[in-house]
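Reader: Mind walking me through this one? I'd like to hear how each label was earned.

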Amino acid sequence: SSTVMTFGLSQLLQDGRLDPQTVQNATLAGGVAIGATASVVGPFGAAALGMIAGSLATVGFALSPLFRVVDTCGVHNLHGMPGILGGIYSVLVPGGILSGYVSSHQWVGLLLTLAMAGISGSLCGCILKAVERLEGNEALKRAAEELDLPASELVLEQFSDDLYWSCAEDVPRSLPLIQL
C-alpha cells in the first residue's frame with residue numbers, strides 16, 4: 001500500500017512525473033513503519049499503516065525535504081518519519097487488540113529512542129564543529145600546498161557526496177573540493 005500511495009502522490013506533487021528518488025525510497029516506508037507491530041495487526045491494519053507511511057515519506061521527499069543540507073540521502077524521510085509513525089502506531093493500535101498489552105512500555109521505548117538520537121546527534125554535531133574550528137584552516141592550507149593552488153581557490157565542504165558517489169548533474173558542486 002505504501003507503493004501505491006508513493007506512485008499516486010509522487011505524480012500529484014511533482015507535476016505529473018515520477019521521481020526515481022521518491023519511488024525508490026518512499027515505497028519502503030510501509031516496511032519501516034510496520035516493524036514494531038507486524039505480528040500483531042492484520043492485513044487491514046498493515047495496509048492502513050503502509051498508506052499513511054508511504055504518503056508521509058512521499059511528501060517528505062517531494063516537497064523541499066527537511067534537513068536537506070545534512071541528510072543528503074533522505075534518511076529522515078525514509079526511516080525517521082515512518083519510524084516515529086510506527087512507534088506511535090505500536091502504542092495506540094495493539095492496546096485495543098491484545099489483552100495484557102502495556103502500551104506505556106512502547107511510549108517509553110519511543111521517547112528514549114528519540115532522546116538518545118537527539119543527544120547523540122547534538123554531541124556529534126558539537127564534536128564536528130570543534131574539529132572544524134581546530135583543523136579546518138590547517139587542512140585547507142595543507143591541501144592547497146599539496147595541490148599547488150592558492151588556499152583562496154579551495155572550498156571546504158562538510159557534507160558533500162560528490163567525492164564518493166556519482167551525483168546528478170543538477171547537484172551543486174564547488175571544485176576543487178576538500179572534505180574533512
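Author: Sure. This is a predicted model, where local features need pLDDT of at least 70, side-chain atom pairs count only at pLDDT 80 or more, and totals for chains, interfaces and linings use all residues. Residues are numbered from 1 along each chain as its sequence is written, and side-chain values use heavy atoms, with hydrogens and water left out.

Reader: How many helices and strands does the protein have?

Author: There are 7 helices and 2 strands. Helices are DSSP runs of H or I with at least four residues, strands are runs of E with at least two, and both are numbered from the N terminus. Along the sequence that reads α-α-α-α-α-α-α-β-β.

Reader: What makes the span of α5 agree with the expected one?

Author: The expected span is 1.5 Å times one less than the number of residues. For the 18 residues of α5 that gives 26 Å, and the end C-alpha atoms are 25 Å apart, so the two agree.

Reader: Which residues of α5 are called buried?

Author: Buried means under 20% relative accessible area, exposed means over 50%, and partly exposed is in between (1.4 Å probe, protein chains only). In α5 the buried ones are N77, L78, M81, P82, L85, G86, G87, Y89, S90 and V91. Across the 180 residues of the protein, 29% count as buried.

Reader: Which residues make the nonpolar surface patch?

Author: I84, I88, L92, W107, L111 and L114 make a patch of about 530 Å². Helices α5 (75–92) and α7 (103–147) are the elements that give two or more residues to the patch. To join, nonpolar side chains (Val, Leu, Ile, Met, Phe, Trp, Tyr) must lie within 5 Å, on residues with over 30% relative accessible area and no salt bridge. A salt bridge would be a side-chain nitrogen of Lys or Arg within 4 Å of a carboxyl oxygen of Asp or Glu.

Reader: Why is L114 called partly exposed?

Author: L114, in helix α7, has a relative accessible area of 39%, so partly exposed is the label.

Reader: How do you know that C124 has no bond to C126?

Author: A disulfide is a pair of cysteine sulfur atoms within 2.5 Å. The sulfur of C124 is 9.3 Å from the closest cysteine sulfur, that of C126, so that is too far for a bond. By this rule the count comes to 0 disulfides.

Reader: And are C124 and C126 buried or exposed?

Author: C124 comes out at 42%, so it is partly exposed. C126 reaches 52%, so it is exposed.

How values were computed:
Patches are made of residues with over 30% relative accessible area and no salt bridge: like charges are joined within 9 Å, nonpolar side chains (Val, Leu, Ile, Met, Phe, Trp, Tyr) within 5 Å. Accessible areas come from the Shrake-Rupley method with a 1.4 Å probe; for residues, only the protein chains shown count as cover.
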